Amino acid sequence: MTKIIQFSTIGALMAGHVQGERDFAKLSCGCNFGLGCSANLNGELTIYDGTAYEATAGQSLETLDYEEKVPFIQLTDFNPVHEYLVEHVNQKNIEACLKRFIQAQNIFIAVSLQGVFEQIVFRRPYSLADGEERNVDELAETQKVDRYHQIEGRLIGFWTPELFGRVSVPGFHFHFLDESKQISGHVLEFYMNYAQLSFQEKQTIEITNPKSNSYKEMNIDVNMLDEMIRKIEK
């Protein structure tokens, strides 16, 4: 599969459309790799080998039921044709590292880094209690940030060209899953002495928009979106 299957957009999510609308099962057929979030931004989703792992602060890592409805997700069938051993890679130089092997600036790419992380920093949201609500600004202030050292695992994510920065997170968007599948989250920083870099160009992105009236009736301030995406996702 040379395409990304996506439900909703990062712009709609950041504008506040966070209710789950689409069954994970209806989106995941034939896909083994991806990321997203669970309903009401209660957890970060990392999809590996077809299983979705939900990371929520203060809770053990759970697998998402196929019947669960999600507000945003990106999925693909990841069969990398390019794999390279890279050295001294981190969140600041990964773009330059990738561009040693592929002209990346105008294309979508599924990307994974695997190995031992000398250091990794990631975040997870706290789950809302039944009946509670929060906006995206409040979410940014109520997340748990964790730092690990010498942990084996992989980054799972996508490179999105700046041109599509309101459809998907521009640049890199990575989630982490440790080798034991017990620890996960949205990546903020990382450093690896040695890593296996694998990637696959995705020529097509197929987007399904939410059907609900609440989505159709949203007034989205597009001028605020870019700053909001940078604040929450970077």
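**Figure 1. The turn between strand 12 and strand 13, with K181 in the loop that joins them.** In this predicted model, strand 12 and strand 13 form a hairpin in which five residues lie between the two strands. K181 belongs to that turn and has a positive phi of about 60 degrees, a value that stands out here as belonging to a residue other than glycine. Most residues other than glycine have a negative phi. K181 counts as partly exposed because its relative accessibility is 31%. On either side of the turn, strand 12 (residues 171-178) and strand 13 run antiparallel and are joined by three bridges, and L177 stands opposite S184 of strand 13.

**Figure 2. Strand 13 and its pairing with strand 9 and strand 10.** Strand 13 (residues 184-202) runs antiparallel to strand 9 (residues 82-90), and eight bridges join the two. Within this pairing, L85 has Q196 of strand 13 as its bridge partner. Strand 10 (residues 108-125) also pairs with strand 13 in the antiparallel sense, here over twelve bridges, and S112 stands opposite S198 of strand 13. Strands of a sheet pair through backbone hydrogen bonds, either parallel or antiparallel.

**Figure 3. H88, a residue of strand 9 with a positive phi.** H88 is placed in strand 9, the strand that eight bridges join to strand 13. The phi of H88 is near 50 degrees, which is a positive value in a residue other than glycine. With a relative accessibility of 43%, H88 counts as partly exposed.

**Figure 4. The surroundings of R124 in strand 10.** R124 is found in strand 10 and, because its relative accessibility is 13%, counts as buried. The side chain of R124 makes a polar contact with the side chain of D146, at 2.3 Å. When residues up to four places away in sequence are not counted, R124 touches A55, T56, A57 and Q59, together with Q143, K144 and D146, and also S184 and G185. Of these neighbours, S184 is the residue of strand 13 that L177 stands opposite.

**Figure 5. I107 in the loop that leads to strand 10.** I107 has its place in the loop between helix 3 (94-99) and strand 10, and counts as buried because its relative accessible area is 18%, under the 20% limit for that class. Leaving aside neighbours within four places in sequence, I107 is in contact with I102, W159, P161 and E201. The C-alpha atoms of I107 and F164 are separated by 9.6 Å, although the two residues are 57 residues apart along the chain.

**Figure 6. The open sheet of seven strands and its edge at strand 6.** Seven strands form an open sheet in the order 6-5-4-3-8-1-14, and the pairing within the sheet is mixed. Its edge strands are strand 6 (62-63) and strand 14 (204-208), each of which pairs on one side only. At the strand 6 edge, strand 5 (residues 51-55) and strand 6 run antiparallel and are joined by two bridges, with T63 of strand 6 as the bridge partner of Y53.

**Figure 7. Two buried cysteines, C31 and C97.** C31 counts as buried because its relative accessibility is 7%, and C97 counts as buried because its relative accessibility is 7%. A search of the whole structure finds zero disulfides. A disulfide is a covalent bond between the sulfur atoms of two cysteines.

**Figure 8. The whole chain, as the setting for the close-up views, with six helices and 14 strands.** The chain has six helices and 14 strands. Its radius of gyration is 17 Å, close to the 17 Å that the globule rule gives for 234 residues, so the chain is as compact as a globular protein of that length. Along its principal axes, the C-alpha trace spans about 50 × 35 × 35 Å. Of the 234 residues, 53% count as buried, and the chain exposes about 11000 Å², of which carbon and sulfur atoms supply 44%. Among the contacts in the chain with a separation of 6 or more, 79% are accounted for by residues 24 or more positions apart.

Methods:
Residues numbered from 1 in each chain as written. Predicted model: local features only at pLDDT ≥ 70, side-chain atom pairs only at ≥ 80, totals over all residues. Heavy atoms only, no water. Disulfide = S-S within 2.5 Å. Buried < 20%, exposed > 50% of the residue type's maximum accessible area, 1.4 Å probe, protein only. Pairing = 2+ DSSP bridges. Helix = DSSP H or I, 4+ residues; strand = E, 2+ residues; numbered from the N terminus. Polar contact = N/O pair within 3.5 Å; in protein donor to acceptor, adjacent residues only side chain to side chain. Contact = heavy atoms within 4.5 Å. Rg over C-alpha atoms; globule rule 2.2 N^0.38 Å. Areas by Shrake-Rupley, 256 points an atom, 1.4 Å probe, with all protein chains shown as cover.
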